[in-house]
Amino acid sequence: MTRSSGFSFIAPLLVLMVVAFNAPIVYMLGLAFWEKGRGFTLEHYEGLAEAPVYLRVLGNTMRIALIATLANIVIGYPLAHWMRGLGSRGRMIAIALVVLPFWVSILVRTYAWIVVLGNGGIVNRALQWSGLTDAPVSFLYNELGVTIGMANVLLPFLVLPLFAAMIRIDDRLLQAAASLGAPPRTIFWKVYFPLTLPALAAGALLVFILCLGFYVTPAILGGGRVPMISNLLDTLINQIPRWEQASAISTILLIVTLLIFAAYRRLDRKASA
Amino acid sequence: MKRRTFVGGAAALPAMSLLSGTARAQSKEIRMIESGGASGESIQKGYIDPLFQKTGIKVVRESPSSLGKLRALVESGQTSTTLFELGSGVVLQAKKLGLIEKVDWAAVSPAAMFPEAKDEYGFGYQYFSTIMAWRKGVKEPKNFTEFFDTKAFPGKRCLPDYPHYCLPFALQAAGVPIDKLFPLDVDTAFKKLNEIKKDVAVWWKAGAQPPQLMKDNEVQYSICWSGRVVGDPAFGLSFAGGKADLSFICVVKGSKPDDKAAAWKLMHEMSLPENQAKAAEVISYTGPSPDLDALLPKDKLWQFPTSKQNKDVQYFENAQWWADNGEAVNKKWEAFKLSL
């Protein structure tokens, strides 16, 4: 097959991407710079500088995304490692259980947490029944609730690539280290962990970037007390509607995300070099 | 201008509307975007069904109706949606942005209406109230000073995540009487909110949240829409200090003349008190006819935003003040939310 005929196969997809995805994004980015009848303007970015509250919401979003990512790593890494040690049948069941939540709507899963963690929910009733607490613990309508919800939704994005990398690790490497007298802790940190690090970094980055755009979970489990950038953008786009301001904020969000991605690529290249 | 002078002369109107009705071609189906839920069903039963029986014109409903959606409709140059529901403050914003058209009141030839409902740019079709409510069994507040007193009235609160709902109530708690709320003393209102924010468990975005949260005992007190709580034995409520507001039906800029002719017919149906009584059966909100009270069930009058005993204790939304100051207040609101 020649190169040109290969290109003609992907051309429809390329056209679709450019027309339905790239062009609207460029239009959206342009909104902040170009006003009908007035031409080029930087007013909306100046507005951002004058009212730093929008940038603080962005900062808050980054912080929560970081917390949720760390929570995902703490839960996801041991889980993937445990799955590696299972037999082939056990692995299949474990993968099915990890992927299963994907089949349930994110809205349903988020509301389910209210049933589980609410004041009258299963967890609080069990805690009170067993005498561990007197009053209901507030799991919901704060950052804890949002973090739990986000970690739950995003766990598969971390576990699946990590698991794929872990099962590719040759057991003989670990056996060789053991035969040379390395204790289990050293084997883990010197051999096993470095081999999983690229997949861990990629998975964590994916989770972090997805966290930045979360809308449903903070809206429902945050009780309006956890301001995140998507919810702010919703207000600016749907209610006010200041699309130009929303566009300026989105542009900054996009740039920050790209910078994080670039930093990761640099680290990754250094690690693999 | 000339058309509007006709509105005053009521006798000439039926003849006028007949003429304008027959003179133009008219669409058999138009679309409207409204706020959805029980409110949308009340539009269906109260106004759309009677219109269809009389004229054969169908009105297809969609929801929800955000201002952003209206802006997208107009800027993309579409003409498929003719009618759009907007809150009183949003009508002013939409007017300023050039997203809606004037109502041809001569063609609508409405039955008698309260004057504030007959706007140049919209048909005020539904009065609704934002009031205090609580879960039965807790200590019952009589006014917003007591509602915001979390020491004497212990319990979690659920407040709207919108400054134009929260700030006037907070000001009442600071001692401002309802006839002196506007211009709003924004800083005093935020000071009061700062005092009680630790007792606010949830700031709601959707009107269905507060009644559900009270039922689940997640919160004990709420500020919520009257139609969501009246008539439910699980809740106590009071209209004292509440906010009465009016929701409008507007015509999307650039709509086709044939569609508009059908839209005026629907607005005419919306002005008839007997239709408004049908709509009030579906949701406890009321239409703009001064003759409506006589048609409503006597034992349910206490539930409606505009019945005499309720109208007197509430304040009316000052849409103009919010149109002028809304955006600046919204920035302060975002800063306040960051401090939670």
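Here a biologist and a modeller talk through a predicted model with chains A and B.

Modeller: Some housekeeping: this is a predicted model, where local features need pLDDT of at least 70, side-chain atom pairs count only at pLDDT 80 or more, and totals for chains, interfaces and linings use all residues. Residues are numbered from 1 along each chain as its sequence is written, while chains are lettered from A and ligands numbered from 1 in the order in which they are written.

Biologist: What scores does the predictor give the complex?

Modeller: An ipTM of 0.80 and a pTM of 0.84. For chain B, the pLDDT (the predictor's confidence in each residue, from 0 to 100) averages 90, and 93% of the residues score at least 70. Residues 1–23 of chain B are below 50, and this stretch has 15 contacts in the model beyond near neighbours in sequence.

Biologist: How many helices and strands are there in chain A?

Modeller: Chain A has 12 helices and two strands. These are DSSP runs numbered from the N terminus: helices are H or I with at least four residues, strands are E with at least two. Along the sequence, chain A reads α-β-β-α-α-α-α-α-α-α-α-α-α-α. Chain B has 15 helices and 11 strands.

Biologist: What makes chain B agree with a compact globule?

Modeller: Take the radius of gyration over C-alpha atoms, and use the globule rule: 2.2 Å times the number of residues to the power 0.38. With 340 residues the rule gives a value near 20 Å, and chain B has 21 Å, so the two agree. Its C-alpha atoms fill a box of roughly 65 × 45 × 35 Å along the principal axes.

Biologist: What radius of gyration does chain A have, set against a compact globule of 273 residues?

Modeller: The globule would be near 19 Å, but chain A has 23 Å. The box for the C-alpha atoms of chain A is roughly 75 × 70 × 35 Å, again along the principal axes.

Biologist: Why are H7(A) and H9(A) called roughly antiparallel?

Modeller: Look at the angle. Axes are lines fitted to C-alpha atoms, for helices over the stretch in contact, and angles run from 0 to 180 degrees between N-to-C directions. Under 35 degrees counts as roughly parallel, over 145 as roughly antiparallel, 65 to 115 as roughly perpendicular, and the rest as oblique. H7 (residues 143–167) and H9 (residues 184–212) of chain A cross at roughly 160 degrees, with axes that come within 9 Å. Therefore they are roughly antiparallel.

Biologist: What makes a crossing right-handed?

Modeller: The near helix is turned clockwise from the far one by less than a right angle; anticlockwise makes it left-handed. The H7(A) and H9(A) crossing is right-handed. Residues in their contact include A:Leu154 and A:Phe157 of H7(A) and A:Ala199 and A:Leu206 of H9(A). The contact divides into 16 nonpolar, two polar and no charged residues. For that sorting, Ala, Val, Leu, Ile, Met, Phe, Trp, Tyr, Cys and Pro are nonpolar, Asp, Glu, Lys and Arg are charged, and the others, Gly among them, are polar.

Biologist: How do you know which residues of the two chains are in contact?

Modeller: Their C-beta atoms, placed from the backbone, have to lie within 7 Å. By that test, 21 residues of chain A are in contact with 21 residues of chain B. H3(A) gives the largest share of chain A's side, five residues. That side divides into 11 nonpolar, eight polar and two charged.

Biologist: And why is H3(A) roughly parallel to H15(B)?

Modeller: H3 (residues 53–84) of chain A and H15 (residues 319–338) of chain B pack at about 30 degrees, with axes 9 Å apart. That angle makes them roughly parallel. The crossing is left-handed. Among the residues that meet are A:Tyr54 and A:Arg56 in H3(A) and B:Lys331 and B:Glu334 in H15(B).

Biologist: What makes the bond between B:Ser63 and B:Pro64 worth a look?

Modeller: Most residues other than glycine have a negative phi, and most peptide bonds are trans. The B:Ser63 to B:Pro64 bond is cis, with omega about -5 degrees. B:Pro64 lies in the loop between S2 (58–62) and H4 (67–75) of chain B. As for phi, A:Tyr141 has a positive value near 60 degrees.
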